[in-house]
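Open your viewer and get ready to click along. At each stop you will select something, look around, and then move on.

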Amino acid sequence: LFSLGNSVKAQERLTAEQVVDIALQNNLNLKAKDLKIQSYKSLQRSVFELPKTAINLQYGNMNGFEKDDNWSVSQTIPFPSTFSAKRKLIQAQTEKSEANKNSTANELKRLIRLDYYQLEFLDYQIQKLSFLDSSYTDFIRVAELRYKTGDVSKIDINTAQTKRGEITLLVNKAKTLRNDTYLNLKNLMAVE
């Protein structure tokens, strides 16, 4: 019993910002976008690289009956403006990737906050509806006693039972929505 009591932890409720931070740390899409930005930044160092020098050797009968040796060395040097254009292209790709990552992060934050506050609302709604359900239960009990004494008609009891049934349906609907929203938030946070 002691080990069971020690292993059970009280669940603390996270704030919206803590949930957003966890989601931003765990989101694989954002991690992939970070790696893409890093790859573009590493490409910036390769802007001024020259193509490899090619050395070719030919041996054999090429111009006649005698064997010839042919050596060739070639190097392609691009026009100087190519380097600056390549640098600008890589910078533009880096900026585009960073903007794309920021856009994705902002959309993720929006979705997480929406689900978080939806959970808060649904918890509050379930609490109030449960209170209303217990109030109708008490009202039905009192109405049945008053019916037995002859103060009210059977229609008051039936109306109260119908209203209590509607509230029970609303509570069940809110609980289902809460579970769905919780699972969606958990999925966005990428936690188990």
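This tour goes from helix to helix, with stops at single residues and at some aromatic rings. Keep in mind that you are looking at a predicted model.

**Stop 1: helix 2**

Start by selecting residues 16–26, which make up helix 2. Colour Ala16, Val19, Val20 and Ala23, because these are buried in helix 2. Now turn the view to look down the axis: the four cover an arc of only 100°, so they sit on the same side of helix 2. There is a simple rule behind patterns like this. An α-helix has 3.6 residues a turn, so residues three or four places apart point the same way. What lies over these buried residues? The cover includes helix 4 and helix 5.

**Stop 2: Asn27, between two helices**

Next, select Asn27, in the loop between helix 2 and helix 3. Is Asn27 buried or exposed? Its relative accessible area is 14%, so Asn27 is buried. Show its side chain and follow it to the start of helix 3: a side-chain oxygen of Asn27 comes within 2.9 Å of the backbone nitrogen of Asn29. Then look at partners from elsewhere in the sequence. Leaving aside neighbours within four places, Asn27 is in contact with Leu108 and Leu188.

**Stop 3: helix 3**

Move on to residues 28–43, the 16 residues of helix 3. If you draw a distance from the first C-alpha to the last, the helix reaches 23 Å, close to the 22 Å expected at 1.5 Å a residue. Colour Leu30, Lys33, Ile37 and Tyr40, which are buried. Seen down the axis, the buried residues of helix 3 fall within an arc of 75°, so they line one face of the helix. Now pick a second colour for Leu28, Leu35 and Gln38: these exposed residues are on the face turned away from the buried side. To see what covers the buried residues of helix 3, show helix 2 (16–26) and helix 4 (80–149), which are among the elements doing so.

**Stop 4: helix 5 and Leu185**

Select residues 154–189 to bring up helix 5. How far should its 36 residues span at 1.5 Å a residue? The expected value is 52 Å, and the end C-alpha atoms are 52 Å apart, which agrees. The buried residues of helix 5 include Ile157, Ala160, Val171, Ala174 and Thr181. Helix 2 and helix 4 are among the elements that cover the buried residues of helix 5.

Zoom in on Leu185, which belongs to helix 5. Its relative accessibility is 5%, so Leu185 counts as buried. Which residues does Leu185 touch, not counting those up to four places away in sequence? They are Val19, Ile112, Asp115, Tyr116 and Leu119. You have already coloured one of these: Val19 is a buried residue of helix 2. Before you leave helix 5, click on Ala190, just after its end, where phi is positive at about 60°.

**Stop 5: the aromatic pairs**

Now display the aromatic side chains. The structure holds two aromatic pairs. In one of them, the rings of Tyr116 and Tyr117 have centres 5.4 Å apart and planes at 85°, so this pair is edge-to-face. Compare the surroundings of the two residues: Tyr116 counts as buried at 11% relative accessibility, whereas Tyr117 counts as partly exposed at 49%.

In the other pair, the rings of Tyr136 and Phe139 have centres 6.5 Å apart and planes at 90°, so this pair is edge-to-face too. These residues are three apart in helix 4, which means about one helical turn separates them. Tyr136 is partly exposed, with a relative accessible area of 22%, and Phe139 is partly exposed as well, at 43%.

**Stop 6: a charge over a ring, and Asp133**

Select Lys154 and Tyr147 together. The charged end of Lys154 sits over the ring of Tyr147, 5.6 Å from the ring centre.

End the tour at Asp133, in helix 4. With 18% relative accessibility, Asp133 counts as buried. Apart from residues up to four places away in sequence, Asp133 touches Arg164, Ile167 and Thr168. Among these, Ile167 is one of the buried residues of helix 5.

Conventions:
Residues are numbered from 1 along each chain as its sequence is written. This is a predicted model: local features need pLDDT of at least 70, side-chain atom pairs count only at pLDDT 80 or more; totals for chains, interfaces and linings use all residues. Side-chain values use heavy atoms; hydrogens and water are left out. The expected span of a helix is 1.5 Å times one less than its number of residues. Buried means under 20% relative accessible area, exposed over 50%, partly exposed in between (1.4 Å probe, protein chains only). The arc is that of the directions from the helix axis to the C-beta atoms. Contact means heavy atoms within 4.5 Å. A polar contact is a pair of N or O atoms within 3.5 Å; within protein, one must be able to donate a hydrogen and the other to accept it, and residues adjacent in sequence count only if both atoms are side-chain atoms. Rings of Phe, Tyr and Trp (its six-membered ring) pair if their centres lie within 6.5 Å; planes under 30 degrees apart count as stacked, over 60 as edge-to-face and the rest as tilted. A charge sits over a ring if NZ of Lys or CZ of Arg is within 6 Å of the ring centre and within 35 degrees of the ring normal.
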